[in-house]
Amino acid sequence: MVSKSKITALDRCYKSKHSITPQRMVVIDALIDQKKAISAYDLRNHLDVIGKKLNIATIYRILDFWCSLNLVHRISSINKFIFCANPNEKHTHIINCCQKCEKIVESCHKKMGIDFSGGIEDLGLQLASGSHLEVPVFCASCR
Ligand SMILES: [Zn+2]
Ligand SMILES: [Zn+2]
C-alpha cells in the first residue's frame, strides 16, 4: 500500500516539476519508515541492509533535495533527518527535539504561541520560506 506520506512526496515533486528518480524514492521511502530522526550514515547502513546501496554523497544530495521541497527536516543540533510530520502545514514548522532521547515532536509557530511577524518586519526581514525552527526540549519520559 502506498502511504499518505509517499503520495504527498510524489505530489510535491510533480507540482514543483522535479523528476521522481528511483534513488529519490528509495531515500524518501526509507525516511518515511523511520520512527526517529536518522543520520545520513545510518540511512546508508539501513539501505545497505535492504539491498539498496547508495553512496554517502548521493544520500546527502538526495536529502538536500527533499529538504528543499520541505518534506524532510534536517535537525542541525543532532545532524539527523526526519520526514516532516505535517508537510501541508503553512505556518513555520517547529521541531521540538528531546535532548536526551532525540524524540521529535513537530509543531508550528501558532501552536507554540510564537508570533514572529511583528519583530521580523521591524528588522526589515522576511522569514525564508521552508525554514523551520528547532526548540531543544525534554520529552515527557525524559524530563
Ligand atoms: Zn515539518
Ligand atoms: Zn526524551
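This passage describes the confidence, domains and nonpolar core of a predicted protein model.

The structure is a predicted model. Mean pLDDT for the protein chain is 92. A value of 70 or more is reached by 99% of the residues. Confidence varies along the chain. The highest is found in helix 3 (residues 40-49), with a mean of 97. The lowest is in helix 5 (residues 117-122), where the mean is 83.

The chain splits into two parts, domain 1 (4-83) and domain 2 (93-137). Their centres, taken over C-alpha atoms, lie 22 Å apart. Contact between the domains involves nine residues of domain 1 and nine residues of domain 2. On the domain 1 side, four of the touching residues are nonpolar, four are polar and one is charged.

The largest nonpolar core holds 23 residues. Seven of these touch the most other members: Val27, Leu31, Leu63, Trp66, Leu71, Val72 and Phe81. Three helices each supply two or more residues to the core, namely helix 1 (4-15), helix 2 (22-33) and helix 4 (56-68). Strand 2 (80-83) and strand 3 (93-98) do so as well. The core also draws on both domains, with at least three residues from domain 1 (4-83) and at least three from domain 2 (93-137).

Leu71 illustrates the surroundings of one such core residue. Residues up to four places away in sequence are left out of its contacts. Leu71 then touches Ala9, Arg12, Trp66, Phe83, Cys84 and Pro87. Among these partners, Trp66 is itself one of the core residues that touch the most other members.

How values were computed:
Residues are numbered from 1 along each chain as its sequence is written. Chains are lettered from A and ligands numbered from 1 in the order in which they are written. This is a predicted model: local features need pLDDT of at least 70, side-chain atom pairs count only at pLDDT 80 or more; totals for chains, interfaces and linings use all residues. A nonpolar core is a set of buried Ala, Val, Leu, Ile, Met, Phe, Trp, Tyr and Cys residues joined through C-beta atoms within 7 Å. A residue is buried if 20 or more other C-beta atoms lie within 10 Å of its own, exposed if 12 or fewer, and partly exposed in between; C-beta atoms are placed from the backbone. Helices (H or I, at least four residues) and strands (E, at least two) are DSSP runs, numbered from the N terminus. Domain bounds come from an automatic or database domain assignment. Two residues are in contact if their C-beta atoms, placed from the backbone, lie within 7 Å. Ala, Val, Leu, Ile, Met, Phe, Trp, Tyr, Cys and Pro count as nonpolar, Asp, Glu, Lys and Arg as charged, and the others, Gly among them, as polar. pLDDT is the predictor's confidence in each residue, from 0 to 100.
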